[in-house]
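Visitor: Please take me in for a close look at one part of this model, residue by residue. Once we have been there, carry on to whatever else can be set beside it.

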Amino acid sequence: MAETLYADIILPVAVMGRFTYSVPARFRDLVVPGASVLVKFGKKSTYTGVVAAIHTKRPSFETIRDIEDVVVSSPLINERQLSLWKWMSSYYLCGEGEVMKAALPSGLNYGSFRPRSETFIALSRPHDDESLNSILDRLARAPKQQELLATYLRMTGYTAGMEPVPVRKAHLLKESGSSPATADALVARGVFEVSSREVSRLELSQLDCEPLKILSKAQDETLHKIGTLFREKDVVLLHGITSSGKTEIYIHLIEEQLKKGKQVLYMLPEIALTTQIILRLKRHFGELTGIYHSRFSEPEKAEIWKHVAGMGYRLILGVRSSLFLPFSNLGLIIVDEEHDSSYKQHDPAPRYHARDSAIMLASMHGALTLLGSASPSVESYNNAIREKYGLAALSERYGLIKLPEIILANTREAYRKKLMVSHFTPELLEAVDDALGREEQVILFRNRRGFSPYIECSDCGWIPVCIQCSVNLTYHKSAGRMVCHYCGYSTGMPHKCGNCGSAGIVTKGYGTEKIEDEIKIIFPSARVARMDQDSTRGRNSFTRIIKAFEERRIDILIGTQMISKGLDFENLTVVGILNADNMLNFPDFRAHERSFQMMEQVSGRAGRRQKQGRVIIQTSDPANRIIRLVLRHDYAGLFRLQSEEREAFNYPPFCRMIRITLRHRDKSMLNDFAAVLGNDLRAIFGKRVLGPESPLIGQVQLWYLKTIILKIEKDKPPVRAKELLMEAIERLEHAKGASSLRISVDVDPY
Ligand code: ADP
Ligand code: ZN
Ligand code: ZN
């Protein structure tokens, strides 16, 4: 009799580790790594899980349950995906099941992945000039057919005697503006011949796409430099100033990989950015290009999975979750705007950083990683100067356009001299007015949505807060509601003070909604729009706004960080940053780095073609060191300053950081548990433990919060420290009364 087989299974539960079940004889051939199976878990639950490994080693526990059923046997998940899940689980200290939940679209119908097929059209046989002309003559009385044939000849660059090249029927009809009936008529005449092909077999050479742009000398040198660096290093950082033409370099690198038959993953931090880049990519790589982000429905995501698995899509443009797609043959991962904080997922687990995970994924495929940024993260730049990564630089703008001129507008002085008009300095209004006069466009940036961040009773100072969180409610005027930006709770605008009953309630501060209102009053004939989380709820709202701005149907666009990143607008010459101070003063060790990046990034949108742009930064502290650096576009200075500070105060990249968050509905119980864990950890890690402390927002959704920070040395592998940490957490979870305590761990919480 054959030996009993056991399967280690990943289940969608928030528990570390895999679960072992026995494989009934009837399923022996079906249960393979990557297959999905049905199992009983706990007393009543049944789960669909993914088989991670098969072996003959009997587990030590008593009752081993059988696998109930096989859902799909043909592997749904490949070995490299399983390795990525495993790595994420051990590095980020979460369950593989939690990674699996983040990775798998629920619409994946567990069917086998079938490559898509499509109809192609080609001349039925080669022709010389004479016979081609005679066909065209004969079609003189069927001008539509003649036109279609002429389009085909043009698209394929047909010359006498050439072997006919098939083109996609849909593409041909679109190019020539013909109907299917016209094509059918030519097939009936024997001029054309139809065939059906799997898209996965398509090669780049079969696509009729625009050739790549010719690179400038500086771009070309950088492209070569990157190639040279990749011979020695798997990761290269491209530090290229805004509008230096990084995207065009990426496109050249992508083509190289696609020609080799490899897959490429191109990651961006924000969905809004994908709408412009996808068009640039499709122009060159046509149908091989797919896009992936959270705005797709679950069934659509499942479709995309199939096209990636079937190699129909060989180039994927996506946000952080695109890491989880079933790649089988990656050659290159590009992480654009690598410094961007949106690459980090904070909640729920897996609390992963998509840039760092991408580097891991690439190494599993033997692939290369290119990180790109105009203002790299301190950790990546540090890795580059320490020669862990290769470093390539591009320090001129494409077309030698100058970097924007930065003008500081002192709000403190303007308030004192009573020169402020609402929230705008004279400098900003003048620049906007100038731009409008020249029919150029303007972007105004404010990193706060809503109308005003809080309201206040002018008699007693009462401020309404969320009923579940320790957060002021933000006033949203168009919705007529007060909204909590942490939990989504909302309530109507109060007519009188909740404390003294006074009717003197006033709005305080300003968000994008208020800016929009006031700009419309100041510039009544300008066309104004807003792009933030509130104005982009609809599925195609990003595309709609970006397109309207591109087509100059909007003069002034107001927005949050969404508009600050890699967008490329031809006619945009003035950018206003409404308040630099609140970013700079945010209590976080990365606040200065992030403010610099934000300002550099937003200003990078200005003057990208032909003309030099202008950026107006409103601040109450024009002497601020970081602002001085932005003024000179001095990234090197920023890096020097930041690394000195981080080294002196022991922050990443000079140490590793892990944040433990404890949550409980009872404040005093929380304090007790946090103190116990703090002491336990201090006994193990000594001075490496900081806290427990109350975070900035001490209560969210009725849960009180406490955090403990663990800082461990960079030079030792963190594996042992992580084990000790998890053991301490487990001890606390098993302590008396701890059942309603929630503990989460965030590795690299920045
Ligand atoms: P970055 O990604 O560095 O911000 P882009 O690649 O978007 O820069 O380039 C900025 C602008 O210059 C874009 O509009 C792009 O189309 C144009 N551009 C860049 N390189 C070339 C080139 N080699 N030929 C023509 N246009 C280019
Ligand atoms: Zn709330
Ligand atoms: Zn009051």
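Guide: Let's start at Tyr-152. Setting aside residues within four places in sequence, Tyr-152 is in contact with Ile-121, Ala-122, Leu-123, Pro-164, Val-165, Val-167, Leu-172 and Phe-192. Keep in mind as we go that this is a predicted model. Tyr-152 sits in helix H4, which covers residues 143-156. With a relative accessible area of 0%, Tyr-152 counts as buried, because the cut-off for that word is under 20%. For a sense of distance across the model, take Lys-514: 362 residues separate Tyr-152 and Lys-514 along the chain, and their C-alpha atoms are 54 Å apart.

Now hop over to Ser-377, also at a relative accessible area of 0% and also buried. This one is in a loop, the stretch between strand E14 (368-373) and helix H12 (378-385). Leaving out residues up to four places away in sequence, the residues that Ser-377 touches are Glu-338, His-339, Arg-355, Arg-590, Glu-593, Gln-597 and Tyr-635. With Arg-355 there is something extra: the two side chains make a polar contact of 3.3 Å. Several of those names come back when you look at charges. Glu-338, Arg-355, Arg-590 and Glu-593 belong to a network of salt bridges, together with Asp-356, Glu-379 and Arg-646. In general, side chains of opposite charge can pair when their charged atoms come close.

How many salt bridges are there? The count is 39. One of them pairs Lys-40 with Glu-68, with 3.5 Å between the closest N and O atoms. That pair ties together distant parts of the chain, 28 residues apart: Lys-40 is in strand E3 (residues 36-41), while Glu-68 is in the loop between strand E4 (45-55) and strand E5 (69-72). Neither end is buried, because Lys-40 has a relative accessible area of 33% and Glu-68 has 36%. Both therefore fall in the partly exposed band.

Asp-555 and Arg-527 make another salt bridge, this one with the closest N and O atoms 2.9 Å apart. Again the partners are in distant parts of the chain and 28 residues apart, and both are in loops: Asp-555 between helix H16 (541-550) and strand E24 (556-559), Arg-527 between helix H15 (512-522) and strand E23 (528-531). Here the two ends get different labels: at 15% relative accessible area Asp-555 is buried, whereas Arg-527, at 40%, is partly exposed. Then there is Asp-534 with Arg-537, whose closest N and O atoms are 2.8 Å apart. Asp-534 is partly exposed at 22%, and Arg-537 is exposed at 55%.

So what about a charged residue that is buried without such a partner? Look at Asp-581, which is buried and has no salt bridge. The nearest side chain of opposite charge belongs to Arg-412, and that is 6.4 Å away. A salt bridge needs the nitrogen and the carboxyl oxygen within 4 Å. What Asp-581 does have is polar company. Its side chain makes a polar contact of 2.6 Å with the side chain of Thr-619 and another, of 2.7 Å, with the side chain of Ser-620. Thr-619 and Ser-620 are also among the residues Asp-581 touches beyond four places in sequence, along with Asp-621. As for its address, Asp-581 is in helix H17, residues 581-584.

Last stop, ligand 1. There are 16 residues around it, and those that come nearest are Ile-214, Gln-219, Lys-246, Thr-247 and Asp-568. Helix H8 (residues 246-259) supplies the largest share of that shell, three residues. Oxygen atoms of the ligand also meet polar atoms of the protein. From Ser-243 it is a backbone N or O atom, 2.9 Å from a ligand oxygen. Gly-245 likewise offers a polar backbone atom, 3.0 Å from an oxygen atom of ligand 1. Arg-280 uses its side chain instead, with a polar atom 3.0 Å from a ligand oxygen. On its own, ligand 1 would expose 550 Å², and the protein buries 88% of that.

Technical notes:
Residues numbered from 1 in each chain as written. Chains lettered and ligands numbered in written order. Predicted model: local features only at pLDDT ≥ 70, side-chain atom pairs only at ≥ 80, totals over all residues. Heavy atoms only, no water. Helix = DSSP H or I, 4+ residues; strand = E, 2+ residues; numbered from the N terminus. Buried < 20%, exposed > 50% of the residue type's maximum accessible area, 1.4 Å probe, protein only. Lys, Arg positive; Asp, Glu negative; His and termini not counted. Polar contact = N/O pair within 3.5 Å; in protein donor to acceptor, adjacent residues only side chain to side chain. Contact = heavy atoms within 4.5 Å. Near = heavy atom within 4 Å. Areas by Shrake-Rupley, 256 points an atom, 1.4 Å probe, with all protein chains shown as cover.
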